[in-house]
Amino acid sequence: MVLFLISFVAAKEENFSAAEEIIKQKISCSELTNEQLEILGDYYMEQMHPGELHEIMDERMGGEGSESLRQVHINMGRTFYCGEGGM
């Protein structure tokens, strides 16, 4: 279980680094994949609700690995990075 948590934290940090790189490069929304939008949405959620609060919110939206949470993160990426309509 501890190894899983360490791997999970490392993956989150890697995703956040990827999100920061997308933002830094100002990649056009038309060039982003849903996976990249999901990473951006997860990053923005962490900025608004850091740490444990983010994890609680993720659980309430379906839990890690769920399609519902994936869609929430994609929508957040579209909203905050691309400036598209509300969630």
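Let me start with the salt bridge in which the side chains of Glu84 and Arg78 meet, at 3.9 Å from N to O, and let me say straight away that we are looking at a predicted model. Both partners sit in the intermediate range of accessibility, since Glu84 is partly exposed with a relative accessible area of 37%, and Arg78 is partly exposed as well, with a relative accessible area of 29%.

That pair is one of 3 salt bridges that the structure holds, and the other bridges bring us to Arg70. Salt bridges that share partners join Glu38, Glu67 and Arg70 into one network, and I would like to take its two links in turn. On one side, Glu67 forms a salt bridge with Arg70, and here the closest N and O atoms are 3.2 Å apart. Glu67 and Arg70 are 3 residues apart in helix H4, so about one helical turn separates them. On the other side, the side chains of Glu38 and Arg70 meet in a salt bridge at 3.8 Å, again N to O. This pair links distant parts of the chain, because Glu38 belongs to helix H2 whereas Arg70 belongs to helix H4, and the two residues are 32 apart. As for accessibility, Glu38 is partly exposed at 24%, Arg70 counts as partly exposed at 26%, and Glu67 is partly exposed with a relative accessible area of 45%.

Now, how do H2 and H4 pack, and at what angle? Their axes are 6 Å apart and the angle is about 80 degrees, which makes H2 roughly perpendicular to H4. If you follow the residues that meet, the H2 side includes Asn34, Leu37, Glu38, Gly41, Met45 and Met48, while the H4 side includes Arg70, Val72, His73, Ile74, Met76 and Gly77. Ile74 is a useful residue to click on, because, once we leave aside its neighbours within four places in sequence, Ile74 is in contact with Asn34, Leu37 and Glu38.

Let me turn to the aromatic residues, of which four, namely Phe16, Tyr43, Tyr44 and Phe80, form one aromatic cluster. The structure holds 3 aromatic pairs. In one of them, the rings of Tyr43 and Tyr44 have their centres 5.7 Å apart and their planes at 70 degrees, and because planes over 60 degrees apart count as edge-to-face, that is how this pair is classed. Both Tyr43 and Tyr44 are buried, and for Tyr44 the relative accessibility is 17%. Tyr44 also pairs with Phe80, in a tilted arrangement with 5.8 Å centre to centre and 40 degrees between the planes. Since Tyr44 lies in helix H2, residues 34–48, and Phe80 in helix H4, residues 67–80, this pair ties together parts that are 36 residues apart in sequence. Unlike Tyr44, which counts as buried, Phe80 is partly exposed, with a relative accessible area of 41%.

Which residues make up the largest nonpolar core? There are 11 residues in all, and among them are Phe16, Ala19, Ile22, Leu32, Leu37, Ile39, Leu40, Tyr43 and Tyr44, together with Ile74 and Tyr81. Helix H1, residues 2–25, and helix H2 each supply at least two residues of this core, and the largest share, 5 residues, comes from H2. As a general point, nonpolar side chains in soluble globular proteins tend to be buried together.

I will finish with one member of that core, Ile22, whose place is in helix H1. Is Ile22 buried or exposed? At 6% relative accessibility, Ile22 counts as buried. Leaving aside its neighbours within four places in sequence, Ile22 is in contact with Ile27, Leu32, Gln36, Leu40 and Tyr81. The last of these contacts reaches across the chain, for Ile22 and Tyr81 are 59 residues apart in sequence, and yet their C-alpha atoms are 9.7 Å apart in space.

How values were computed. Residues numbered from 1 in each chain as written. Heavy atoms only, no water. Phe/Tyr/Trp six-rings, centres within 6.5 Å; stacked < 30°, edge-to-face > 60°. Buried < 20%, exposed > 50% of the residue type's maximum accessible area, 1.4 Å probe, protein only. Helix = DSSP H or I, 4+ residues; strand = E, 2+ residues; numbered from the N terminus. Core = buried A, V, L, I, M, F, W, Y, C linked by side-chain atoms within 4.5 Å. Contact = heavy atoms within 4.5 Å. Salt bridge = Lys/Arg side-chain N within 4 Å of Asp/Glu carboxyl O. Axes fitted to C-alpha atoms, helices over the stretch in contact; angles between N-to-C directions. Parallel < 35°, antiparallel > 145°, perpendicular 65-115°, else oblique.
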